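Q: Could you take me through one part of this protein in detail, and then show me how the rest is arranged around it? I would like to follow along in the viewer.

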Amino acid sequence: MVADSSRSDAGTAAEPADDRLLEVENLQTVFHTERETIRAVDGISFGIAEGETLGLVGESGSGKSVTARSIMGLVDSPGELLPDSSIRFDGRELTGLSETQYESVRGGGVAMVFQDPLSTLNPVYTVGNQIEEALSLHRGLSGLEATEKAIELLEDVGIPDAARRVSEYPHEFSGGMRQRAVIAMALACDPDLLICDEPTTALDVTIQAQILELLADLQEEHGLSILFITHDMGVIAEVCDRVAVMYAGEVVEQAPVVELFENPRHPYTRGLLRSIPSTQRGADRLETIEGEVPTPNAPATDCRFAPRCPEAFDACREVHPEPVPVATETADADADHTAACLLYPEDETREQAVDRHAIEDAPPGAGAVDSGGESR
Ligand SMILES: Nc1ncnc2c1ncn2[C@@H]1O[C@H](COP(=O)(O)OP(=O)(O)OP(=O)(O)O)[C@@H](O)[C@H]1O
Ligand code: NI
């Protein structure tokens with residue numbers, strides 16, 4: 001436990017909703033390579049309330065995993081978070097923590113589940129050993145007490161015959177059971193926030209559904225907040241309360257899940273939704289968005305999606321769009337729906353809208369996006 005000084009600080013400035021467990025603001029994570037600086041995450045902001053699941057969706061290379069690693073304090077050289085970035089967890093600023101301080105965050109409040117369970121599990125130790133290790137590190141349990149707790153955790157995540165399987169090795173587990181074991185390890189730290197980076201991508205559809213169900217059950221039981229990363233809009237629809245859509249290092253649209261599916265505003269989101277295999281629409285052809293996600297290697301001076309956008313106009317190549325509120329269509333009055341696109345706000349003329357984006361974007365890196373009180 002490290003002294004927490006940031007709660008009161010956070011309270012004085014333009015204060016976002018109080019129930020936010022995680023508040024990411026203007027996160028910028030870059031990688032320095034010999035030739036260029038890759039702006040993998042380029043000024044994104046979002047929050048996650050207690051007990052809420054936020055989905056982070058976007059094509060490969062859009063910056064989802066780097067966002068997760070940034071929150072977990074796992075960005076190593078040649079990567080770094082730029083100075084204006086802020087990640088507040090439970091009121092405490094995480095950027096700038098020492099490695100030792102971050103270890104207490106990873107062991108306590110925040111845990112992560114990766115796509116490949118074998119990257120988390122060590123092949124030479126039994127599953128039980130590894131969970132007990134986490135229990136010893138984070139809860140000070142040892143001996144029989146730790147073993148019993150490990151068995152209990154394995155039961156919690158739906159592993160049958162847990163008392164026997166606790167002494168098996170990872171290779172004796174099936175893919176789905178391994179991912180359950182990894183989730184049990186994550187729970188060993190009794191986290192408040194679970195970050196899941198494509199936790200079911202490597203699993204077949206039936207097992208995937210079971211793991212998603214397990215996560216939903218655990219969330220209810222433990223009141224977990226979840227950041228759920230996927231490139232699959234179908235999975236998003238199933239598990240999320242809110243969604244943030246990423247493109248080339250930026251969040252281009254953000255809304256509650258029903259609102260996003262019923263009323264997608266950003267042309268990129270619309271494209272992503274059209275690329276879901278759909279039986280309802282009678283479409284058997286899967287549309288994909290032509291072209292590729294660019295690798296951002298300079299500050300954005302235009303819309304990074306413009307080259308692929310069916311609705312792009314001249315200004316899209318000259319003005320960088322900032323997230324602005326858009327009209328909502330679902331009953332949810334506080335839908336809090338934003339899109340970073342020059343087509344919005346839709347109640348303004350195109351010139352007014354473009355001017356607004358140009359002004360909001362004006363003082364680069366000065367933290368200016370904070371001042372309006374509608375920065376997300
Ligand atoms: N260690 C690194 N060094 C240099 N570039 C990196 C590094 N890690 C990530 N990147 C770059 O950052 C960008 C975002 O990568 P990231 O892994 O976050 O994408 P993603 O959205 O998770 O994609 P996927 O769906 O394929 O997992 C990519 O252009 C990637 O090449
Ligand atoms: Ni990824």
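A: Happy to, and let's start with one pair of residues. Val-113 has Cys-196, in strand 8, as its bridge partner. This is a predicted model, so please read every contact here as a computed one. The pair belongs to a set of 4 bridges between strand 7 and strand 8 (residues 193-197), and the two strands run parallel.

Now step back to the sheet. Its 8 strands form an open sheet with mixed pairing, and the order across it is 7-8-9-3-10-11-13-12. Strand 7 (110-113) is an edge strand, as is strand 12 (324-325), and each of them pairs on one side only. Val-113 therefore sits in a strand that pairs on one side only, with strand 12 as the other edge strand.

Next, have a look at helix 6, which covers residues 143-156. With 14 residues at 1.5 Å a residue, helix 6 should span 20 Å, and the 20 Å between its end C-alpha atoms agrees with that. Its buried residues are Ala-146, Ala-150, Ile-151, Leu-153 and Leu-154. These residues cover an arc of only 160° around the axis, which means that they lie on the same side of helix 6. The general rule behind such a pattern is that an α-helix has 3.6 residues a turn, so residues three or four places apart point the same way. What do the buried residues of helix 6 pack against? Their partners are helix 5 (127-139), helix 7 (162-165) and helix 8 (175-188). After helix 6 comes Gly-158, with a positive phi near 80°.

Another place to visit is ligand 1, which is surrounded by 15 residues. The closest are Phe-31, Ala-40, Ser-60, Lys-64 and Ser-65. Strand 2 (37-49) and helix 2 (64-71) each give at least two residues to this shell, and helix 2 has the largest share, with 3 residues. Sorted by class, the shell holds 10 polar, 4 nonpolar and 1 charged residues.

Finally, here is the whole chain. The protein has 13 helices and 13 strands, and 42% of its 376 residues count as buried. Among contacts with a separation of 6 or more, 65% are between residues 24 or more positions apart. The bridge you began with, from Val-113 to Cys-196, is a handy landmark for finding strand 8 in the viewer.

Notes: Residues are numbered from 1 along each chain as its sequence is written. Chains are lettered from A and ligands numbered from 1 in the order in which they are written. This is a predicted model: local features need pLDDT of at least 70, side-chain atom pairs count only at pLDDT 80 or more; totals for chains, interfaces and linings use all residues. The expected span of a helix is 1.5 Å times one less than its number of residues. A residue is buried if 20 or more other C-beta atoms lie within 10 Å of its own, exposed if 12 or fewer, and partly exposed in between; C-beta atoms are placed from the backbone. The arc is that of the directions from the helix axis to the C-beta atoms. Two residues are in contact if their C-beta atoms, placed from the backbone, lie within 7 Å. A residue is near a molecule or strand if its C-beta atom, placed from the backbone, lies within 6 Å of it. Ala, Val, Leu, Ile, Met, Phe, Trp, Tyr, Cys and Pro count as nonpolar, Asp, Glu, Lys and Arg as charged, and the others, Gly among them, as polar. Two strands pair if DSSP finds at least two bridges between them.
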